[in-house]
Amino acid sequence: MKRTASLFAAGLSIQQALAQVNVPPAFEVGVKWQIIIQNTIDIKAPLQPSDAVVWDLDLYHVARNPGIVEYLRTNVPNAILVCYFNAGLAQESDCDYDSRWRNSGLLGNVYDPDEPEFSDERWINIKNQTARDWIKRRITLANDLGCDAVDPDNIDGYLNDEDGANGTGWNLAEADYVAFVTDMAAHAHALTTKRGFTLLIGQKNAPELVGPVGGLLDFAVLEDCKTLNDDEDFTFCRDFQPYVAAGKPVFSIEYPSTLGNAETGACSATGASDAQYAASCDTSQGNAGFSTALKIQGGVGELNGCTQYCSGEAPGTGVVVTATDPELDGSPCPPEASIRILPTVFSFFEVGIPLRATLRTEFGIKEPKQPADKEAETWSH
Ligand SMILES: *[C@@H]1O[C@H](CO)[C@@H](O)[C@H](O)[C@H]1NC(C)=O
Ligand SMILES: *[C@@H]1O[C@H](CO)[C@@H](O)[C@H](O)[C@H]1NC(C)=O
């Protein structure tokens, strides 16, 4: 099918150049955010902090507890729900693990042999089309659940395979992840959210990818970009300034060791030490304009409820604990039938996306209408 293949290639590059992304108005540089992916947020508790607009929650926590969407929308009218999922690895708690990944032959080595706490996570062969289609189903699931955006994690497996290391088991190169992320972005941007905007997609870490794919993505989520927790100095906050310049939010997480107890998740009422607070919140390290949240370093406290915000306040302030309930993590997965599943012969529809983009370009077909009650921003890629 040479013709289809070349159309696909041509269409994709046109789409990359011209695709319009309709962005909810509140999704702005510097917007307050929260990220909770360790345990499930407790929707019986009052929502804290109630002024965080962007909420980055685990896709499968939301899938297992769909009341979360309504809870957020009720408490924060402009809430933007970002659904986090592991794009580079599959793990046992994923709702699609048993039905798809476990015996697929598409899983390689464990995340990191030196980090046994992640030993149930295995690198996915992201070069394989079946694997990519399954990942795209996760993106579709996010959209069907009512998420406004997706945060695909672990798109930097190539770092494990440098210099012939083959740490993933698939010898993956940076170019393989560029192709993978490009594919995911096209899929997300072809979807319209329940609120009538484009499903947004972010870049997680991987500063090397800002050049090749930053223009295709809508926001970034960074961990420890100042490398305060690392002996080596390879700060990468500044690499993400192109996002800020393009009006796209960058959400950064710093992990000061004094914020709380990693083993118990207990939060210090006064937050991180003055010195660590100052280092984490200092905006002179290429991180101007970032939305920063401080989180407990390691253990069950990591990326859970305990959070301190910079927000221009003094050290010792800005500590918030979002209530979580670990029992909800094990709520049953939704039956596949309750979720719209795309046809198995998915590649046919994939080809349709760039073709539509081509038509739009050549014949001036109208963009989808924006929601009447919202003044949506758009940006062009
Ligand atoms: C992708 O993986 C599936 C499942 O292991 C396999 O059947 C298929 O042949 C692979 N595709 C390619 C192009 O290698
Ligand atoms: C990479 O590692 C996998 C799994 O350990 C192995 O099957 C494969 O042969 C390796 N490939 C290369 C080229 O070293």
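**A buried alanine, helix α5 and its neighbours**

Alanine 206 is buried, since 25 other C-beta atoms sit within 10 Å and 20 or more are enough for that label. This comes from a predicted model, so every value here is computed from it. Alanine 206 is found in the loop that runs between β9 (200–204) and α7 (210–213). Its backbone has a quirk too: phi is near 55°, a positive value in a residue other than glycine.

Zooming out, the chain holds 10 helices and 15 strands. Of its 381 residues, 43% are buried. Sequence-distant pairs feature heavily in the contact list: taking contacts between residues at least 6 apart in sequence, 71% join residues at least 24 apart.

Helix α5 is a good place to look at the packing. Spanning residues 129–145, α5 has 17 residues. From its first C-alpha to its last, the helix reaches 24 Å, close to the 24 Å expected at 1.5 Å a residue. Its buried residues are Ala131, Arg132, Ile135, Lys136, Arg137, Arg138, Ile139, Leu141, Ala142 and Asn143. The cover over these buried residues comes from both helices and strands, including α2 (59–64) and α6 (174–189) on the helical side and β4 (80–86), β7 (121–124) and β8 (149–153) among the strands. Just past the end of α5, glycine 146 adopts a positive phi of about 110°.

The pairing of α5 with α6 can be described in some detail. Their axes come within 10 Å and cross at roughly 40°. That angle is why the two helices count as oblique to each other: the roughly parallel class takes angles under 35 degrees. The crossing is right-handed. On the α5 side, the contact is made by Arg132, Ile135, Lys136 and Ile139, and α6 brings in Phe180, Asp183, Met184, His187 and Ala188. Sorted by class, this contact has five nonpolar, one polar and three charged residues. Arg132, Ile135, Lys136 and Ile139 also appear among the buried residues of α5.

Elsewhere on α6 sits alanine 175. Unlike alanine 206, which is buried, alanine 175 counts as exposed because it has 10 C-beta neighbours inside 10 Å. Its C-alpha is separated by 9.3 Å from that of leucine 209, a residue 34 positions apart from it along the chain.

Following the chain out of α6 leads to the loop between α6 and β9, where threonine 192 is placed. Threonine 192 is partly exposed, given 14 other C-beta atoms within 10 Å. There is a link back to α5 here: the C-alpha atoms of threonine 192 and aspartate 144 are separated by 9.5 Å, with the two residues 48 apart along the chain, and residue 144 falls within the 129–145 span of α5.

Two further loops carry backbone features worth a look. Aspartate 224, in the loop between β10 (219–223) and α8 (241–245), has a positive phi of about 55° although it is not a glycine. With 19 C-beta neighbours inside 10 Å, aspartate 224 counts as partly exposed, because the buried label needs 20 or more. In the other loop, between β2 (33–36) and β3 (54–58), lies proline 49. The peptide bond leading into proline 49 from glutamine 48 is cis, with omega near -10°.

How values were computed. Residues are numbered from 1 along each chain as its sequence is written. Chains are lettered from A and ligands numbered from 1 in the order in which they are written. This is a predicted model: local features need pLDDT of at least 70, side-chain atom pairs count only at pLDDT 80 or more; totals for chains, interfaces and linings use all residues. Helices (H or I, at least four residues) and strands (E, at least two) are DSSP runs, numbered from the N terminus. The expected span of a helix is 1.5 Å times one less than its number of residues. A residue is buried if 20 or more other C-beta atoms lie within 10 Å of its own, exposed if 12 or fewer, and partly exposed in between; C-beta atoms are placed from the backbone. Two residues are in contact if their C-beta atoms, placed from the backbone, lie within 7 Å. Axes are lines fitted to C-alpha atoms, for helices over the stretch in contact, and angles run from 0 to 180 degrees between N-to-C directions. Angles under 35 degrees count as roughly parallel, over 145 as roughly antiparallel, 65 to 115 as roughly perpendicular and the rest as oblique. A crossing is left-handed if the near helix is turned anticlockwise from the far one by less than a right angle, and right-handed if clockwise. Ala, Val, Leu, Ile, Met, Phe, Trp, Tyr, Cys and Pro count as nonpolar, Asp, Glu, Lys and Arg as charged, and the others, Gly among them, as polar.
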